[in-house]
Amino acid sequence: MLKKTLNLLYIVVVAVMAIATFVEHASGLRLYDAWWFTVLWALLAAVAIVYFLKRRVRRLSVVALHLSFLLILLGALLTHLTASSGAIHLRTGETTRQYTTADGLIRNLPFTLRLDSFIVRYHAGTTTAADYESYLTIGDDGGQHAQMVSMNKIGSSHSVRLYQSSYDDDGRGTVLAVNRDPWGITVTYVGYALLFISLIWMLVDPRGQYRQVLRSPLLKKGAFLLFLFCSVCGRIAAAPQALPKETAEHFGQLLMLYNGRICPVETYALDFTKKLYGKRHYGDYTACQVLTSFIFFSDEWNQQPIIRIKGGELKEARQLSDYCTLNDFFRPGVGYVLGPYVQEYYQGGRHDGFHKQVAKVDDQLMLIMELQRGTPLKLFPYNHQGTTTWYAPTDRLDTLKVPASQRQYIGEIFTLLYQEVLDGNFAKVDEYISLMQKHQREHAGNSLPTERVLWAEHAYNAVPFATILFMLNLTMGFLALAFFIWQMVATRRVYTFLPRLFYVVCLLSFVALTFCEALRWIISGNIPMTNGYETMLLMAWFILLITLLLCRRFRILLCFGFLLSGFFLLVSHISQMDPQIGRLMPVLRSPLLTLHVSIIMMSFALLSLTFICGLTALGLYASKRETRSIESLAMLSRVFLYPALTTLGLGIFIGAIWANISWGTYWSWDPKEVWALITFMVYAVAVHQRSFPLFQRPVAYHLYVTLAFLTILMTYFGVNYFLGGMHSYA
């Protein structure tokens with residue numbers, strides 16, 4: 001009865017957390033704040049303690065692991081019962097010793113607090129915020145002392161922690177979050193430390209379950225059987241005018257303010273062309289030729305079928321071709337044919353499939369129209385008193401900052417360029433472009449990227465890494481699959497050099513992807529793991545790394561490594577994820593982000609392996625193959641499961657520490673947090689074979705871990721697309 005009660009409470013807690021994410025998204029009601037939710041967790045902890053004691057568990061690594069969870073829950077309870085939090089709004093020069101709680105109560109601080117100044121730090125030459133800094137003076141009986149609070153930098157005094165939360169639009173006021181939690185944070189952090197130690201201890205304990213799995217004689221055979229899963233498993237009009245390729249590429253070397261950073265025009269040209277046409281080029285025209293042609297030969301290029309229309313209700317209703325021209329959407333006497341539908345989408349709230357596609361096509365058309373107005377072409381820097389501003393040729397220039405000679409230059413250079421282009425004097429065009437480059441170097445101050453960054457961006461723009469590698473890896477995966485199947489049925493072993501060839505190609509793919517990641521790191525200045533596109537690349541990187549480390553013992557992993565990494569790269573290539581490189585929001589500029597995301601991605605990569613093992617085994621079971629093979633796959637799956645749980649647990653709670661430093665609370669019941677915890681709890685069940693003898697049966701185990709993979713899909717994709725939250729950037 002005790003065991004059944006524990007199982008029921010566990011299922012109820014997981015189910016309530018999952019349901020609560022959808023309830024909060026639909027109605028705003030937070031079930032996590034209800035008293036009964038706290039009681040539910042307390043009952044689960046109490047019954048688990050009694051059950052654990054009755055089992056008389058003596059292995060220290062297991063005791064430490066479960067004790068860490070108890071301490072984390074105790075810390076959360078202490079925070080809930082004893083902590084106080086709120087906010088302070090201060091204007092420059094203002095002093096207070098009070099803060100306002102979330103329920104509107106006024107409470108006193110054990111010190112006075114004065115805002116001396118507030119500063120928004122920007123990336124050089126851009127309007128993208130790099131950090132928000134509040135300079136404070138804290139006064140008490142011992143005197144006064146200064147503190148600076150910013151994103152990821154906490155201020156503290158007398159057990160009160162201060163966090164940068166928001167600021168006034170005029171830049172002369174700040175909003176600080178206040179947190180006073182003398183007991184909860186301490187106990188929780190002790191729990192985190194014990195958790196980190198015990199998770200790693202679980203893997204290295206000589207008498208632990210994981211080491212027993214590694215010693216199993218079934219392991220080698222299970223690795224070889226992974227192949228069974230895999231076995232189941234524009235038209236262009238007459239050539240329009242364009243700048244010569246060399247001249248267009250020269251124009252692409254100019255720098256511009258785009259996406260919150262200074263980058264080459266070729267970066268904007270590639271994004272522009274891909275958003276319109278879905279490819280990096282248009283026929284024989286490079287992206288820089290496409291961009292410059294829409295600037296200098298707009299009449300001709302407005303008639304080019306370059307706007308890609310994907311299948312959907314709009315395409316069917318309007319009988320549109322796969323590729324349309326800009327002029328297709330404008331009719332004499334009618335004007336912009338999509339105009340009424342765009343208005344219905346943005347003002348009438350009509351977000352059905354037809355209107356969503358209208359909005360997407362409208363975005364493509366606006367790209368062209370804004371370019372032809374010159375709005376995005378912020379090519380002209382001017383440094384005034386140490387601050388650099390980048391202007392487009394059509395911008396209204398600040399006469400107090402920009403002298404008349406520079407205003408005249410910015411206003412006339414494109415007119416001169418246009419005239420030389422019409423005359424076909426491309427040598428003169430190149431001369432003017434060189435003058436523009438000289439102007440940028442002279443007036444950009446410290447906002448220009450370094451030569452190293454520019455080299456990295458040109459190299460990154462030159463090679464479509466994700467596209468090439470997904471095609472290479474999937475192709476090699478299917479070739480490796482065919483080879484291993486042939487090896488299974490062949491009467492004798494030949495072509496033994498092929499596994500070595502597969503290994504070399506896998507290594508080269510890993511090196512190329514590593515080079516791609518390094519280039520993105522150099523360009524952005526941040527480790528590339530801050531959005532969906534980058535985490536897909538990171539997932540593929542970890543898959544290849546794991547494959548290279550283990551394939552000498554389990555050769556079939558080469559087949560898996562190619563196929564799964566190719567799949568993740570394919571998803572990054574064809575999905576709606578944005579590959580643009582931009583600046584990090586200030587809250588993400590923390591070294592803990594690197595640890596948090598990379599460890600979580602490693603866990604997901606390992607759990608993907610258990611999913612593959614599960615599908616393979618279920619395929620064998622359906623085809624009535626020998627049960628010995630299914631047992632071997634179960635053993636191999638557990639090789640991946642234990643380190644996956646370790647890394648997932650580490651990743652979740654490193655994220656909690658980061659959240660406490662950034663937002664003042666280590667757990668906010670954000671949908672991504674909740675579903676990551678659900679994933680951890682669901683997969684953790686599978687390692688309790690003594691408590692759940694069902695998992696000693698290989699088919700039941702494989703079925704469970706295969707279905708458990710749905711929680712990963714929900715955590716990684718479902719939360720982003722259906723629930724949102726603070727992790728929507730991920």
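In the predicted model, K378 has a relative accessibility of 25% and therefore counts as partly exposed. D395, at 23% relative accessibility, likewise counts as partly exposed. These two residues form a salt bridge in which the closest N and O atoms are 3.0 Å apart. The contact links distant parts of the chain, 17 residues apart: K378 belongs to the loop between α14 (353-373) and β15 (380-384), whereas D395 belongs to the loop between β16 (387-391) and α15 (404-423).

The K378 contact belongs to a wider set, since a search of the whole structure finds six salt bridges. Side chains of opposite charge can pair when their charged atoms come close. One of the pairs joins D168 to R91, with a separation of 2.7 Å between the closest N and O atoms. D168 is located in the loop between β7 (160-167) and β8 (173-180), and R91 in strand β1 (residues 84-91), so the pair ties together parts that are 77 residues apart in sequence. With respect to solvent accessibility, D168 has a relative accessible area of 15% and is therefore buried, the cut-off being under 20%. R91, by contrast, has a relative accessible area of 29% and is partly exposed. The contact is also part of a network of salt bridges that links R91, D168 and D170.

A further salt bridge is formed by the side chains of R261 and E457, at an N to O distance of 2.8 Å. This pair likewise connects distant parts of the chain, 196 residues apart, with R261 in strand β10 and E457 in helix α17 (residues 451-462). Both R261 and E457 are buried.

The strand that carries R261 takes part in a local antiparallel arrangement. Strand β9 (residues 255-258) and strand β10 (residues 261-264) pair in the antiparallel sense over four bridges. Within this pairing, R261 of β10 stands opposite Y258. The two strands, β9 and β10, form a hairpin, with two residues between them. In the turn, N259 adopts a positive phi of about 60 degrees. R261 thus combines two structural roles, being placed opposite Y258 and joined through its side chain to E457 of helix α17 by a salt bridge.

Note on methods. Residues numbered from 1 in each chain as written. Predicted model: local features only at pLDDT ≥ 70, side-chain atom pairs only at ≥ 80, totals over all residues. Heavy atoms only, no water. Pairing = 2+ DSSP bridges. Salt bridge = Lys/Arg side-chain N within 4 Å of Asp/Glu carboxyl O. Buried < 20%, exposed > 50% of the residue type's maximum accessible area, 1.4 Å probe, protein only.
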